[in-house]
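Colleague: I've got the sequence and the coordinates open side by side. Can you take me through the helix packing and tell me what the labels rest on?

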Amino acid sequence: MQASANTGSLPATTYVSIGQIKSLRAKLEQPDTSGGCDTHGGEGKASCGSSGGPDDMPADIWDKVKNHPCYSEEAHHHYARMHVAVAPACNIQCNYCNRKYDCSNESRPGVVSQKLTPEQAVKKVVAVASEIPQMTVLGVAGPGDALANPAKTFDTFRMLQEQAPDIKLCLSTNGLALPDQVDEICKYNVDHVTITINMVDPAVGEKIYPWIFWNRKRVTGYEAAKILHERQMLGLEMLTARGVLTKINSVLIPGINDEHLIEVNREVKKRGAFLHNIMPLISEAEHGTVFGLTGQRGPTASELKAVQDACMGGANLMRHCRQCRADAVGLLGEDRSEEFTLDKLEQMEVVYDLDKRKTYQDKVEVERQAQHAAKQEALAAASAIKVAEDLQVLVAVATKGGGRVNEHFGHVTEFQIFEVSATQALFVGHRRVDLYCQGGFGDDEQLPSVVRAINDCHAVLVAKIGACPRDELAQAGIEPVDQYVGEFIEKAALDWFNDYRGRIASGALLHQNRGDAQIRQGAYTNLASDLAQAA
Ligand code: CLF
Ligand code: SF4
């Protein structure tokens with residue numbers, strides 16, 4: 001076995017146990033004089049995160065991220081993205097990928113419905129943009145690697161720029177070919193690039209990547225991981241130097257790179273990454289991946305959150321990723337790709353009206369500013385209350401978009417999770433659940449799995465809820481709350497939290513800590529029921 005000492009000029013790697021995560025976090029919180037927001041002119045802020053707003057970053061950066069649903073948490077409530085599957089080939093092998101399925105970097109497992117030529121892709125993007133005016137970003141994210149298919153990727157971008165110049169361009173890559181393509185990336189004004197970086201030590205990397213295809217031959221083991229690592233770091237540095245915003249995706253693989261991702265976070269921040277998105281491994285035997293077949297599990301919700309929390313203060317964190325398909329269309333968390341198949345596109349009358357799109361987006365901007373103002377007002381009220389000031393709880397929210405509490409409990413397929421305290425209402429994740437309402441009646445067998453999926457929350461904010469789930473939630477210690485219907489989420493969560501603290505102060509209730517959520521974070525299937533059966 002080649003030792004880590006063989007890393008030569010590679011960055012030193014710190015290994016920590018879960019128990020040490022807190023002390024490392026303290027270290028990360030010390031001001032860093034380079035990289036991250038600083039590199040992009042963050043005015044010395046340690047971390048603005050994807051939840052940052054116009055006050056947290058320079059105007060030119062805000063302009064790039066304000067309507068990109070992945071780069072701005074606030075934007076993801078309002079703006080949509082789409083992917084076109086023009087990049088089928090890949091130049092590496094990841095143990096979590098089976099090429100019959102979407103790229104696990106940027107998708108949930110599931111076959112891509114249709115691979116597209118660049119011409120078909122552009123036709124589809126223009127049609128979607130005409131129908132969905134809040135669709136602001138086109139991404140090439142597989143099903144292979146965008147830069148292992150440079151002609152198809154850049155042809156798509158070139159043609160789209162001519163026909164729909166207001167759409168932002170985005171791509172995702174494993175980084176192996178990145179240094180060779182930086183000029184092309186800049187030529188087509190692609191100002192958002194995602195690099196999947198799962199390690200900064202080839203000794204970790206060789207457990208994730210069995211081979212890469214490099215200089216016309218297959219390279220395996222430690223050597224393969226070392227080349228990939230060096231290309232990723234070089235590519236990231238080159239993009240930073242050219243002012244391209246970069247997001248780093250890391251797949252959290254328990255027992256392989258969990259603690260190591262803290263080091264990854266530090267290294268990518270040093271090199272100017274704008275965001276770090278730590279995503280859970282999705283691993284099922286039926287996907288036919290090496291990890292799926294060898295029983296490598298994904299992280300639990302709390303394991304994912306622990307690593308993300310430990311990285312706070314390092315590179316800015318994205319926590320609202322939905323691991324979308326390589327042909328996803330719509331708001332993050334929804335998929336409207338079935339509405340835009342090639343057959344359906346043939347029947348559609350497409351009128352690309354820039355003014356109509358702008359008018360719509362202007363309305364969204366007004367709504368979004370109202371959301372921002374409501375949050376600031378609620379935060380000011382929360383910090384003025386001098387009761388249980390250190391308290392921090394999780395709240396689940398039923399929403400169908402627009403940043404408001406506007407979904408019935410029974411219609412939820414995904415709860416959004418917010419961490420609420422006297423100083424913040426922060427989006428920290430989501431939980432996919434099976435539908436409780438089955439058209440007029442509730443599926444009571446489903447209910448326990450839904451409750452377990454949000455078991456770590458103190459309250460669930462909904463637009464409406466029936467008597468049966470209300471009782472079951474209350475018995476489980478989760479407060480069902482339906483008095484904030486239609487309100488902005490952060491304001492509603494903070495208002496509920498203030499009321500909660502008031503009840504603690506008056507002695508009306510005793511605050512108790514919650515347990516862990518029993519769901520594998522990010523799993524598309526509801527594994528809560530599997531876990532229950534296994535228990
Ligand atoms: Fe697509 Fe990725 Fe661009 Fe977003 S997705 S290429 S940056 S437009 Fe977004 Fe989807 Fe997560 Fe990717 S939610 S998987 S982070
Ligand atoms: Fe699969 Fe993407 Fe890894 Fe290539 S980079 S092997 S497509 S997950």
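Modeller: Sure, and keep in mind that this is a predicted model. Let's start with helix H6, residues 178-187: its buried residues pack against helix H5 (150-163), strand E4 (168-173), strand E5 (192-196) and helix H8 (221-241).

Colleague: Which residues of H6 are the buried ones?

Modeller: Leu178, Pro179, Gln181, Val182 and Ile185.

Colleague: How do you know on which side of H6 they sit?

Modeller: From the arc. They span only 140 degrees around the axis, so they are on the same side of H6. The general background is that an α-helix has 3.6 residues a turn, so residues three or four places apart point the same way. Over on the other side of H6 you'll find Asp180, Asp183 and Lys187, which are exposed.

Colleague: And H6 with H8: what makes them roughly parallel or oblique?

Modeller: The angle decides. The axes of H6 and H8 cross at roughly 20 degrees and come within 8 Å. That makes H6 roughly parallel to H8, because the label goes to angles under 35 degrees. As for handedness, H6 passes H8 in a right-handed crossing.

Colleague: Which residues meet there?

Modeller: From H6 come Leu178, Pro179, Asp180, Val182 and Ile185, and from H8 come Arg231, Leu234, Gly235, Leu236, Met238 and Leu239. Sorted by class, this contact has eight nonpolar, one polar and two charged residues.

Colleague: Which residue is the polar one, given how the classes are set up?

Modeller: Gly235 in H8, since Gly is counted among the polar residues.

Colleague: Now H4 and H5. Why is H4 called oblique to H5?

Modeller: The axes of helix H4 (residues 118-131) and H5 cross at roughly 40 degrees, coming within 9 Å. That makes H4 oblique to H5, because roughly parallel needs an angle under 35 degrees and roughly perpendicular starts at 65. The crossing of H4 past H5 is right-handed.

Colleague: What does the H4 and H5 contact consist of?

Modeller: On the H4 side, Pro118, Glu119, Ala121, Val122, Val125 and Val126; on the H5 side, Lys152, Asp155, Thr156, Met159, Leu160 and Gln163. The classes come out as seven nonpolar, two polar and three charged residues.

Colleague: Leu160 is on that list. Why is Leu160 called buried?

Modeller: Its relative accessible area is 0%, so Leu160 is buried, because the cut-off for that label is under 20%. Leu160 is found in helix H5, and leaving out residues up to four places away in sequence, Leu160 touches Val122, Val125, Val126, Leu138, Pro165, Ile167 and Leu169.

Colleague: How far is Leu160 from Glu119, in sequence and in space?

Modeller: They are 41 residues apart in sequence and 9.2 Å apart in space, C-alpha to C-alpha.

Colleague: What about H13 and H16: how do you know whether they're roughly parallel?

Modeller: Helix H13 (residues 354-384) and helix H16 (residues 489-506) pack at about 15 degrees, with axes 8 Å apart. H13 and H16 are therefore roughly parallel to each other. Their crossing is left-handed.

Colleague: And who meets whom there?

Modeller: Gln371, Ala374, Lys375, Ala378, Leu379, Ala381 and Ala382 in H13 meet Glu490, Lys491, Leu494, Asp495, Asn498 and Arg501 in H16. By class, that contact has six nonpolar, two polar and five charged residues.

Colleague: Away from the helices, what makes Asn189 worth a look?

Modeller: Asn189 isn't a glycine, yet has a positive phi of about 55 degrees. In general, most residues other than glycine have a negative phi. Asn189 lies in the loop between H6 and E5. With a relative accessible area of 52%, Asn189 is exposed, because that label needs over 50%.

Colleague: And Arg216: why is that one called exposed?

Modeller: Its relative accessible area is 80%, so Arg216 is exposed by the over 50% rule. Arg216 sits in the loop between strand E6 (211-214) and strand E7 (217-220). Phi of Arg216 is positive too, near 65 degrees.

Colleague: To zoom out, how many helices and strands are there, and how much of the chain is buried?

Modeller: The protein chain has 17 helices and 16 strands, and 59% of its 535 residues count as buried.

Methods
Residues numbered from 1 in each chain as written. Chains lettered and ligands numbered in written order. Predicted model: local features only at pLDDT ≥ 70, side-chain atom pairs only at ≥ 80, totals over all residues. Heavy atoms only, no water. Buried < 20%, exposed > 50% of the residue type's maximum accessible area, 1.4 Å probe, protein only. Helix = DSSP H or I, 4+ residues; strand = E, 2+ residues; numbered from the N terminus. Arc of directions from axis to C-beta. Contact = heavy atoms within 4.5 Å. Axes fitted to C-alpha atoms, helices over the stretch in contact; angles between N-to-C directions. Parallel < 35°, antiparallel > 145°, perpendicular 65-115°, else oblique. Left-handed = near helix turned anticlockwise from the far one by under 90°.
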